[in-house]
Amino acid sequence: MRILVVEDEEKIATFVRKGLHEQGLAVDTLARGDQALLALVNQPYDAAILDVFLPGRDGLSVLRAVRRRGIHLPVLLLTARGELYERVEGLESGADDYLPKPFAMEELVARLRALLRRAAGVGLSLYQVGDLTLNLVSRVAVRRERKIELTGREFSLLELLMRSPGKVFTRTEICEHVWNFHFDPGTNLVDVYIQKLRKKVDEGESRRLIQTVRGIGYKIEGAS
């Protein structure tokens with residue numbers, strides 16, 4: 001998943017970016033509210049972590065502007081203030097959740113994952129396509145009773161596909177959400193990782209879940 005973190009305190013931004021990277025998430029960081037609004041309007045993020053106090057434009061102003069434009073990505077607010085009326089103000093401005101500083105990385109990750117699952121219409125910490133399951137908490141993939149060992153990047157790629165079964169993801173979309181950079185037509189990075197993932201998920205199985213859509217990209221689908 002591709003996450004935007006907007007935090008002007010460098011130590012906190014670095015802490016969050018490192019923690020999310022360890023979870024296999026692609027992360028961009030910005031320190032100004034005006035930059036954040038521009039990025040959220042023009043880039044395909046899956047969620048945003050937004051500090052309330054920002055230079056250039058405060059976080060609540062950014063949030064209201066994003067919602068007015070009809071952008072509905074999950075937003076988790078961070079703030080040093082914890083009073084009830086301030087939490088209410090943030091939620092009424094369009095935030096999906098609220099986390100006061102200081103916070104534990106474990107809680108931030110859990111809240112962010114919950115928002116991503118809710119946005120995808122998934123109520124549990126489990127994705128399932130056919131006889132393949134992916135547990136987002138334990139980070140374990142199982143096909144029937146066979147446990148599949150995945151690297152961090154392979155997990156992120158499989159999570160992206162399984163969030164939207166049947167949806168065709170272009171190579172550009174996969175690069176942006178899994179590697180956080182734009183697709184270079186001269187590289188076969190996506191194809192190589194798809195081959196690795198397909199070998200682990202589909203090899204020896206009668207039904208192939210990971211499918212190639214020629215000239216477009218890849219999808220995962222449980223129906224035969």
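The expected span of a helix is 1.5 Å times one less than its number of residues, and helix α5, which covers residues 105-119, is a place to apply this rule. This helix has 15 residues and reaches 21 Å from its first C-alpha to its last, close to the 21 Å expected at 1.5 Å a residue. The model is a predicted one, and the paragraphs below lead from this helix to the parts around it and then onward to the other sheets and helices.

Helix α5 has a set of buried residues, namely Met105, Leu108, Val109, Leu112, Arg113, Leu115, Leu116 and Arg117. Some of these residues face another helix: α1, residues 10-22, packs with α5 at an angle of about 60 degrees, and their axes are 10 Å apart. Because angles under 35 degrees count as roughly parallel, over 145 as roughly antiparallel and 65 to 115 as roughly perpendicular, with the rest oblique, α1 and α5 are oblique to each other. The crossing of α1 and α5 is right-handed, and the contact is made by Phe15, Val16, Gly19 and Leu20 on the α1 side and by Met105, Leu108, Val109 and Leu112 on the α5 side.

Ahead of α5 there is a loop that begins after strand β5, residues 97-100, and Pro102 has its place in this loop. The peptide bond that joins Lys101 and Pro102 is cis, with omega about -10 degrees. Most residues other than glycine have a negative phi, and most peptide bonds are trans.

Strand β5 leads to a sheet, an open one of five strands in the order β2-β1-β3-β4-β5, where the pairing is parallel. Its edge strands are β2 and β5, each of which pairs on one side only, and the twist averages 20 degrees from one strand to the next. Within this sheet, β1 and β2 run parallel and are joined by five bridges, and Val6 stands opposite Leu30 in β2. Helix α1 returns here, since it lies across β1, β2 and β3 (47-51) and runs at about 170 degrees to β2.

A second open sheet has four strands in the order β6-β7-β8-β9, and here the pairing is antiparallel. The edge strands are β6 (126-129) and β9 (146-148), each pairing on one side only, and the twist from one strand to the next averages 20 degrees. Strand β6 is joined by four bridges to β7, residues 132-135, and these two strands run antiparallel; the bridge partner of Val129 in β7 is Leu132. Helix α8, residues 189-202, packs on this sheet, where it touches β7, β8 (140-143) and β9, and its direction makes about 165 degrees with that of β9. In the loop between β8 and β9 lies Arg144, whose phi is near 55 degrees, a positive value in a residue other than glycine. Arg144 is exposed, because its relative accessible area of 56% is over the 50% that the word requires.

Helix α8 also has a helix as a neighbour, for the axes of α7 and α8 come within 10 Å and cross at roughly 80 degrees, which makes α7 roughly perpendicular to α8. In this meeting, α7 contributes Arg171, Ile174, Cys175 and Trp179, while α8 contributes Leu189, Val190, Asp191 and Tyr193. The buried residues of α7, a helix of residues 171-179, are Ile174, Cys175, Glu176, His177, Val178 and Trp179. What covers them includes β1 (2-6), β2 (26-30), α6 (152-163), β10 (169-170), α8 and β12 (217-220). Just after α7, Asn180 takes a positive phi of about 65 degrees.

Among the elements that cover α7 is β12, and this strand has pairing partners of its own. Strands β10 and β12 pair in the antiparallel sense over two bridges, with Phe169 opposite Tyr218 in β12. Strand β11, residues 210-213, is joined to β12 by four bridges, again in an antiparallel run, and the bridge partner of Gln211 in β12 is Lys219. β11 and β12 form a hairpin with three residues between them, and Gly215 in the turn has a positive phi of about 80 degrees. In a regular strand the side chains alternate between the two faces of the sheet. In β12, Gly217 and Lys219 point one way, Tyr218 and Ile220 point the other way, and all are buried.

How values were computed
Residues numbered from 1 in each chain as written. Predicted model: local features only at pLDDT ≥ 70, side-chain atom pairs only at ≥ 80, totals over all residues. Heavy atoms only, no water. Pairing = 2+ DSSP bridges. Axes fitted to C-alpha atoms, helices over the stretch in contact; angles between N-to-C directions. Contact = heavy atoms within 4.5 Å. Buried < 20%, exposed > 50% of the residue type's maximum accessible area, 1.4 Å probe, protein only. Left-handed = near helix turned anticlockwise from the far one by under 90°.
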